Amino acid sequence: MEIKIALAGNPNSGKTTLFNNLTGSRQRVGNWPGVTVEKKEGPLKGTNDVTIQDLPGIYSLSPYSLEEVVSRNYLVNEKPDAILNIIDGTNIERNLYLTTQLLELGIPVVVAVNMIDLVERNGDKIDLNRLSQELGCPVMAVSALKGKGTKEVAAKAIEVAKKHQVAPIPEIYDKTVMSALSKIESELQMQIDDSMVRWYSVKVFERDERIDEFLKLTDEKKAKIEPIIKKVEETLDDDAESIITSQRYDYIGTIVQHSVKKKGSKHELSVSDKIDKIVTNRILALPIFILVMYVVYTIAMGGTSISIGTIGTDWANDVLFGEIVPNFFGGILTSLQVNDVLYGLIMDGIIGGVGAVLGFVPQILVLFLLLSIMEDVGYMSRVAFIMDRIFRRFGLSGKSFIPMLVATGCGVPGIMASRTIEQDRDRKMTIMTTGFIPCGAKMPIIGLFAGAVFGGSSLVATSAFVIGIAAVIISGIILKKFKAFAGEPAPFVMELPAYHLPSAGNVLRATWERGWSFIKRAGTVILVSSIIIWFLQGFGFTDGQFGMVEDNNTSLLSNIGNAIAWIFAPIGWVGDMAWKATVATFTGLIAKEEVVNTFGVLYNFSEVSEEGNEIWTLIAQDFTPIAAYSFMIFNLLCAPCFAAMGAIRREMNNAKWTMAAIGYMCLFAYVSALIVYQLVGLAIGEVAFNFWTIVALALLIGVIYLLFRPGYKPKSEAFDLKGMQTAK
């Protein structure tokens, strides 16, 4: 018989470390059905019939976040055979709040007090036997990081699961509340399993609308229950939910008083607290973080001799995919005397296209490795708090900063980093705006036009970053006023984890999972898109005959460019350069670096340098300054490369939201380019007044209105299982 054990605990309690310790490398990673919350499960090491289900890190079973909804629905509907509740021994009082809720579910519970080594190092003592007596369930000490006690606690969870050893419901509430709960239980008795009647009665007492909907309470039954709740509220002079919360903490306080002894003054600062006085200081925090990230990016992506990531990427691009792989496969194909079509498909379409993307893998892996170390140490949690007060002003969570910072190197890991944001609406908005940040692949576009049209102006290059940041801020303000994103960014209700040395296993596993996800996309989405673009560039009609073409002006891609170039006429892409600009933008969907390479091909240069110095004169002839700036704006803000689109699809886990995100970026880019080209062009005398000038002015007024209009303000918020926001 298969045994399912659910692993539940607060964020930063060491739950993931314990999960990795129990399952090893046999994990299955995916998403919970219909939502973007990550799902991890795997067989217990040394067994085939015990499955460990890692639930999202949560603080309670109240439906305030998508993670809590997912965890609660799993525990209530799936009913695992046992719950292994991991709590942080250094912050036991806060962690026990979830424990008291789990004990009411009628499921066997084993409590694992983690970080026991830190507890002992601090000189504190936890009486595990007394704690077990107070809670009525097994309580064991573990150190997930060092692997101490993990086998024993897993064995105990299996034991209580097999015996179905359910702990007696703890006596948490006073007589007034218990009397009310008993009356509610009698009303619910026939509708639910006896083992869960207490939990359901508490939720009905708290007026949990999801439970009311699930139980399908009749108006008649609600009319009987509501006076019971109101009477308690009047007696205790508080609302029902606050009453339950308060009495839970009173109960927990008593348990801690009996079971835990702290060394010295309770006001004495720990080592972590002393470090935090510096790294989270209001004045020093931001400079320290900038310095830390500067070191990270110097090692991962900087152009210095200590940049491990750049050294690896240069070797991958110049040697592996520049010489070794092409020469190897080129030699094989030549010896086999394959025809030109197949040769071009393999060498230019597959190896050239996919290799261009895989060349970035070393940088991405090094970046992920360093970020994983910072996460495991406990520093990244501090960063979210540091940035929260800044980002909150324009509607984003402090955790949105990390994805955007990562995106300056590459949009793919930036978008993937959004999964650290718990609140679903904040995560979606971060994904929709992270692509605005200029990544390393967009730098050649900036360099090309800054050098060719603006005389190498550093002001133009700097303005690209200003535009990206402005797009994020404007989008944050505008989107937050719509119902789907309305409400305050999720507050930080977590205790900062104690600093500790990183676990090599955790760091390497997290790095590999993120990196492998990127590599898999290179073998799917990017592979297909590269083949399609190669075909469109290399084939066309000549003298009524379809076949391979040497002149790109006669290719299918040029025909497509000419057919849709009219769309971009209002933003200044006109004349001979119109279709070239359109085609370059189109190929930029493979990788933004392709924009410069495409111009090189279209201007009959087989190879160009990264910033396209060889074609500067030709670019300057075709593009006016305002048209060049319009092209820059659109390509910096529009839909990202296929790899990033694949990352958006994975993180959104919903086709409609993916299309909405890509559509929003394209629309925002077009509107921005139109306003700049028409209105700025009119002001400097490069553009004559026309119909599109009126449209641009109307759009500018519309944007200003969206920025300052009153937004949707829900009374309170919850999330359904599809991750879509609804108002209570």
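Is Glu 206 buried or exposed? With a relative accessibility of 10%, Glu 206 counts as buried. Keep in mind that this is a predicted model.

## The overall picture

The protein has 728 residues, and 54% of them count as buried. Its secondary structure adds up to 32 helices and 13 strands. On the outside, the accessible surface comes to about 32400 Å², with 61% of that belonging to carbon and sulfur atoms.

Looking at contacts with a separation of 6 or more, 70% are between residues 24 or more positions apart.

## Two nonpolar cores

The largest nonpolar core has 94 residues, and the members touching the most others are Phe 449, Phe 599, Phe 623, Phe 631 and Phe 634. Helix α31 (residues 655-684) supplies the largest share of this core, with 14 residues. Apart from it there is another core, this one of 59 residues, including Val 109, Ile 116, Val 197 and Leu 217.

Zoom in on Phe 631 and, setting aside residues up to four places away in sequence, you'll find it touching Ile 445, Phe 449, Trp 573, Ala 581, Ala 584, Thr 585, Val 595, Phe 599 and Phe 623.

## Salt bridges

The structure holds 13 salt bridges. One of them pairs Arg 248 with Glu 104, with the closest N and O atoms 3.0 Å apart. This pair links distant parts of the chain: Arg 248 sits in helix α11 (residues 240-259), while Glu 104 is in the loop between α3 (92-102) and β6 (109-114), 144 residues apart. Arg 248 is buried, at a relative accessible area of 1%, and Glu 104 counts as buried too, at 0%.

Back to Glu 206: its salt bridge partner is Lys 203, and their closest N and O atoms are 2.9 Å apart. Lys 203 is buried, with a relative accessible area of 1%. Then there is Arg 207, which bridges to Glu 226 with closest N and O atoms 2.7 Å apart. Arg 207 lies in the loop between α8 (197-205) and α9 (209-215) and Glu 226 in helix α10 (residues 219-236), so this pair ties together parts 19 residues apart in sequence. Here Arg 207 is partly exposed at 32% relative accessible area, and Glu 226 also counts as partly exposed, at 25%. Elsewhere, Lys 156, Glu 159 and Lys 163 are linked in a network of salt bridges.

## A covered helix

Helix α20 is mostly covered, with eleven of its eleven residues buried. Among them are the charged Asp 424, Arg 425, Asp 426, Arg 427 and Lys 428, along with Met 429 and Ile 431. The helix spans residues 424-434 and includes Asp 426, which counts as buried because its relative accessibility is 0%. The side chain of Asp 426 makes a polar contact with that of Lys 480, at 3.2 Å.

## Ala 464 and its contacts

Ala 464 belongs to helix α22 (residues 458-479) and is buried, with a relative accessible area of 1%. Leaving out neighbours within four places in sequence, Ala 464 is in contact with Pro 438, Ile 446 and Leu 636. Pro 438 is 26 residues away along the chain, yet the two C-alpha atoms are separated by 7.1 Å.

## A nonpolar patch outside

What forms a nonpolar patch on the surface? The patch consists of Leu 697, Leu 700, Ile 701, Ile 704 and Phe 708, which together have about 510 Å² of accessible area. Phe 708 is in helix α32 (residues 691-708) and counts as exposed because its relative accessibility is 69%. As background, an α-helix has 3.6 residues a turn, so residues three or four places apart point the same way.

How values were computed:
Residues are numbered from 1 along each chain as its sequence is written. This is a predicted model: local features need pLDDT of at least 70, side-chain atom pairs count only at pLDDT 80 or more; totals for chains, interfaces and linings use all residues. Side-chain values use heavy atoms; hydrogens and water are left out. Patches are made of residues with over 30% relative accessible area and no salt bridge: like charges are joined within 9 Å, nonpolar side chains (Val, Leu, Ile, Met, Phe, Trp, Tyr) within 5 Å. Accessible areas come from the Shrake-Rupley method with a 1.4 Å probe; for residues, only the protein chains shown count as cover. A salt bridge is a side-chain nitrogen of Lys or Arg within 4 Å of a carboxyl oxygen of Asp or Glu. Helices (H or I, at least four residues) and strands (E, at least two) are DSSP runs, numbered from the N terminus. Buried means under 20% relative accessible area, exposed over 50%, partly exposed in between (1.4 Å probe, protein chains only). A polar contact is a pair of N or O atoms within 3.5 Å; within protein, one must be able to donate a hydrogen and the other to accept it, and residues adjacent in sequence count only if both atoms are side-chain atoms. A nonpolar core is a set of buried Ala, Val, Leu, Ile, Met, Phe, Trp, Tyr and Cys residues joined through side-chain atoms within 4.5 Å. Contact means heavy atoms within 4.5 Å.
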